[in-house]
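Let's sit down with a structure and learn to read it one feature at a time. Have the view open and follow along.

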Amino acid sequence: MSMKLVPLSLTASLLGGVAFADVPQVAVDIAPVHSLVAKVMEGVGTPDLIIQSGASPHEYSLRPSEASALQEADLVFWTGPDLTPWLTDTIGTLAPDAVVTTLMEADGTIELPFREGALFEAHNHDDHDDHGKEDDHDGHGHDDHAEDKDHDDHGHDDHAEDKDHDDHGHDDHAEDKDHDDHAGHESHDHGAHDPHAWLSPQNASTWLNAIAAQLSAADPDNAGTYFANAAAGRAQMDALVTQVNATLDPVRGGRFVVFHDAYQYFETDFDFPASGAISIGDASDPSPARIAEIQGRIANESITCVLAEPQFNAGLVATVLDGSEANTGVIDPLGAELELGATLYPQLISDMATAFVDCLE
């Protein structure tokens, strides 16, 4: 059964402008996106989280309560099939009548291509053709994403079928991908775009407006609150960007390696590039050749920091660091230890910046 992906431009007409009898039931895939939805819904309602905070999103068995949240959902917000390919059929089965918003396909979303190889070279993301699907993101503030713009998902059933590119980030999406590392010639069957797009505050700003637009179409009685909350959230993103840039300034130019290539949206937003990743994907451990390549860069190019993640094998980081004086730290792209809700997203981005600084100093 295919899910119903409805573009915002059609939502109001399909709903006939009639509000739900109560506040819509809303289900969201991952904790950082849940935080954005929770911000927009402040004072009106609380969204349900589908994937437990801290769990890998790539392959997940829903708890009964999470399956029930999907079944009862009027609206579903998710990052998209690149991140959670299994969720495509699950939403179609459990929430066939829900209005589904795929945030990676929202107008204005910045998408970046996957990086290949163990080592990253400096490059200009302005060369990519997908820096915002329709909008010109020339700054970190997005007051131009006003209430009258339709920054929502445009109903992309086809993205579940014709894109075969899930996230390279976590260790449990091995069944249909071949992510073997070959030291710069990884063989993985994916599409063009890295799905870790929530780690860009620019995207978060765009998504806040997309979320408000969909909620307002479903619940026009509370539209003013949704859009006011989204505007407050975008102002918060502007302040967050200023804060994080100030936090990172003392260590700019520092060279670091991450556990896996999940952070280029953050790197791009804050002009803070990584030098490489131990693992491009997690279907298997990185090859000895890849580890040797990373070790060589650490030894020869003044790499001073190697960042682990709480979900992954700390032994691999220890192996990479063997014989090196580089520091190590822990960084988490999902906010596993943070309290769910509207404050999680800004805290997540702030904590990431602090982790970089602590490791690089």
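**Reading the model together**

Q: How many salt bridges does the structure hold?

A: The structure holds 6 salt bridges. Keep in mind that this is a predicted model. One of the pairs is Asp261 with Arg115, whose side chains meet at 2.5 Å, N to O. That pair links distant parts of the chain, 146 residues apart: Asp261 is in the loop between β7 and α8 (264-269), and Arg115 is in the loop between β5 (112-113) and α5 (158-161).

Q: Are Asp261 and Arg115 buried or exposed?

A: Asp261 and Arg115 are buried. Arg115 also meets the side chain of Glu267 in a salt bridge, at 3.0 Å from N to O. Here, too, distant parts of the chain are linked, since Glu267 belongs to helix α8 and the two residues lie 152 apart. Glu267 is buried, as is Arg115.

Q: What about the salt bridge between Glu301 and Arg297: how far apart are the closest N and O atoms?

A: They are 3.2 Å apart. Glu301 has a relative accessible area of 31%, so the residue is partly exposed. Arg297 has 6% relative accessibility and therefore counts as buried. Coming back to the earlier pairs, shared partners join Arg115, Asp261 and Glu267 into one network of salt bridges.

Q: Now the sheet. What is the order of its strands?

A: A general idea to start with: strands of a sheet pair through backbone hydrogen bonds, in a parallel or an antiparallel way. In this model, an open sheet of 4 strands runs in the order β8-β7-β9-β10, with parallel pairing. β8 (276-279) and β10 (327-330) are at the edges with a single partner strand each, so one side of each has no neighbour in the sheet. From one strand to the next, the twist averages 25°.

Q: How many bridges join β7 and β8?

A: Strand β7 (residues 256-260) pairs with β8 in the parallel sense over 3 bridges. His260 stands opposite Ser279 in β8. Helix α9 (residues 288-300) lies across β7, β8 and β9 (305-308), and runs at about 145° to β8.

Q: Which stretches should I handle with care, going by pLDDT?

A: The general rule is that predicted coordinates should not be read in detail where pLDDT is low. The protein averages a pLDDT of 79, and 72% of the residues score at least 70. Over residues 122-131, however, pLDDT is below 50, and this stretch has 17 contacts in the model beyond near neighbours in sequence. Residues 134-190 also stay under 50, with 178 contacts beyond four places in sequence.

Technical notes. Residues are numbered from 1 along each chain as its sequence is written. This is a predicted model: local features need pLDDT of at least 70, side-chain atom pairs count only at pLDDT 80 or more; totals for chains, interfaces and linings use all residues. Side-chain values use heavy atoms; hydrogens and water are left out. Two strands pair if DSSP finds at least two bridges between them. Axes are lines fitted to C-alpha atoms, for helices over the stretch in contact, and angles run from 0 to 180 degrees between N-to-C directions. Contact means heavy atoms within 4.5 Å. pLDDT is the predictor's confidence in each residue, from 0 to 100. A salt bridge is a side-chain nitrogen of Lys or Arg within 4 Å of a carboxyl oxygen of Asp or Glu. Buried means under 20% relative accessible area, exposed over 50%, partly exposed in between (1.4 Å probe, protein chains only).
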